[in-house]
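Welcome, and please open the structure in your viewer. We will go from stop to stop, selecting a few residues each time.

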Amino acid sequence: MYDASGKLVAEYSTVVESVENAKVAYLTADHLGSPRINTDRDGNVTARHDYMPFGEEITPALTAQRTTGVGYVGDAVRKQFTGYERDNELNLDYAKARMYGYGHWRFTSPDDFLNDSDVADPQSWNLYVYCRNNPLGCTDPTGKEAVVNITVDEKTKKGKIVIAATIGIWTKDTRISQADMKKAAEKIQKDIQGAWKGAVNKDGIEYEVSTVVSVRAFKDAAAAEDYGSGNIIEMAKGPIDPDNNVDSNAGSGGFFTGHDAGRWNIDSVMSGTTAQHEFGHLLGVDNKPGFTLMNTDPSARHPTMTAKDFDWTFGREVTEQRRQARLTTVIEDRERGWRRKEVDTGQPRSSNQHYTFRAPRLAWWKSR
Ligand SMILES: [Zn+2]
């Protein structure tokens, strides 16, 4: 059960009890989504849970202060660290795509290398590492905000870039009807798919960009999250920050949630270029100057992706795709003696190479 802001407030037991014995537990979670104080229907504390940064539970056996008398006892609620379901027989947390070993601070199987590895971010090279070793700043419930597939045919010099994403929209504003939400979902899908497409030439390759985005309206943020929407956007009526003339926000509340979150003014979504601009933030691009899609000012904004938008969004990745697609030879660096060096021969390894990357979550929450 979730409250109006999408926070988990209660979990019902899966053990079927008689009517007299059935109980409900109310969970009070911290900023990471870990339930810390569980209470019964009368408000009595049934259990308290404290965690080390990487998720090991601080039990009474570890400290003198946390005694069973003040509620540090085991209970039947399975939702534990960051909302993961804890398996006490395996000592692992169920993290949907993988099992997380909270005792080792590592996932038990590697991440797909092409999904979430970045040359500039050494923490991303370790495929077992949890949350880039920043467990107090982020959580990793499922990942996947947008997936970008790049394919280049080196013979014909043609490339294909396909972006795939899911967006769930919801509202708490009673002035916005369900019919309005349905129209907004259609408009957002049409605007994003229409703007993030076209042909751009870079380094002699003609790239054809296309976008497939599914947009659905949900009754609240929790329903969108349960459905598995990669991005969850609140629809607001009017500017979300009138004092500063802010019409949409890419990251309000997004930092401590697993998905990319935001608040968009439904009026500017319906009449302007808000959806496609904010989608650029989803792909990891900040606000940029000039007559481009990523200009903050709607009146100075190009309504569709320009060559510059393409470069900001995919420039590094298409270069990396071609680097990986080329044949390399390993030579010894004689000056340093022991070192071996990879040398690009300039020859394509094969005519058709795929490259996939996932839009970053942490980079864009602060922009609007
Ligand atoms: Zn912006």
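A word to carry along before the first selection: a residue counts as buried if 20 or more other C-beta atoms lie within 10 Å of its own, and as exposed if 12 or fewer do. Keep in mind, too, that this is a predicted model.

**Stop 1: the whole chain**

Show the full protein chain, which has 5 helices and 18 strands. Of its 368 residues, 32% are buried. Among contacts between residues at least 6 apart in sequence, 55% join residues at least 24 apart.

Now colour by pLDDT. The chain averages 77, and 68% of the residues score at least 70. Which elements mark the two ends of the scale? Strand β1 (residues 10-12) has the lowest mean pLDDT among the elements, at 56, while helix α1 (residues 178-195) has the highest, at 97. Select residues 361-368 as well: pLDDT is below 50 there, and the model gives this stretch 23 contacts beyond near neighbours in sequence. Residues 252-257 also stay under 50, with 11 contacts beyond four places in sequence.

**Stop 2: strand β9 and its hairpin**

Select residues 146-153, strand β9, and show the side chains. Which of them are buried? Ala146, Val148, Ile150 and Val152 point to one face and are buried, whereas Val147, Asn149, Thr151 and Asp153 point to the other face and are not. In a regular strand, the side chains alternate between the two faces of the sheet.

Next, add strand β10 (residues 158-170). It runs antiparallel to β9, and 8 bridges join the two. To find one of these pairs, pick aspartate 153, whose bridge partner in β10 is lysine 158. The two strands form a hairpin with 4 residues between them, and lysine 157 in the turn has a positive phi of about 60°.

**Stop 3: the nonpolar cores**

Stay with β10 and turn to the largest nonpolar core, which has 47 residues. Ile169 and Ile188 have the most contacts inside this core. Strand β10 supplies its largest share, 6 residues. Centre the view on isoleucine 188: leaving out residues up to four places away in sequence, it touches Ile167, Val215, Val269 and Ala275. A second, separate core has 5 residues, including Phe81, Leu92, Tyr100 and Tyr102.

For a short detour, select alanine 221, in helix α2 (residues 221-227). Is alanine 221 buried or exposed? It has 26 C-beta neighbours inside 10 Å, so it counts as buried. Its C-alpha atom is 7.6 Å from that of isoleucine 169, although the two are 52 residues apart along the chain.

**Stop 4: helix α1**

Select residues 178-195, the helix with the highest mean pLDDT among the elements. Helix α1 has 18 residues and reaches 26 Å from its first C-alpha to its last, close to the 26 Å expected at 1.5 Å a residue.

Highlight its buried residues: Ala184, Ala185, Ile188, Asp191, Ile192 and Ala195. They cover an arc of only 140° around the axis, which puts them on the same side of α1. An α-helix has 3.6 residues a turn, so residues three or four places apart point the same way. Rotate to the other side of α1, and you will find Ala179 and Glu186 exposed. The buried residues of α1 pack against β10, β12 (205-217), β13 (231-236), α3 (266-271) and α4.

Still in α1, click on glutamine 193. It is partly exposed, with 17 other C-beta atoms within 10 Å. Beyond neighbours within four places in sequence, glutamine 193 is in contact with Thr211 and Val213. Threonine 211 is 18 residues away in sequence, yet the C-alpha atoms of the two are 5.1 Å apart.

**Stop 5: the hairpin of β11 and β12**

Select strand β11 (residues 198-202) together with β12; they pair in the antiparallel sense over 5 bridges. Glycine 198 has valine 209 as its bridge partner in β12. Only 2 residues sit between the strands of this hairpin, and aspartate 203 in the turn has a positive phi of about 50°.

**Stop 6: helix α4**

Finish with residues 274-282, helix α4. Why can this helix be called largely enclosed by the rest of the structure? The reason is that 9 of its 9 residues are buried. Among them are His277, Glu278, Phe279 and His281. After α4 comes glycine 284, with a positive phi near 105°.

Key: Residues numbered from 1 in each chain as written. Predicted model: local features only at pLDDT ≥ 70, side-chain atom pairs only at ≥ 80, totals over all residues. pLDDT = per-residue confidence, 0-100. Contact = placed C-beta atoms within 7 Å. Core = buried A, V, L, I, M, F, W, Y, C linked by C-beta atoms within 7 Å. Expected span 1.5 Å × (residues − 1). Arc of directions from axis to C-beta. Pairing = 2+ DSSP bridges.
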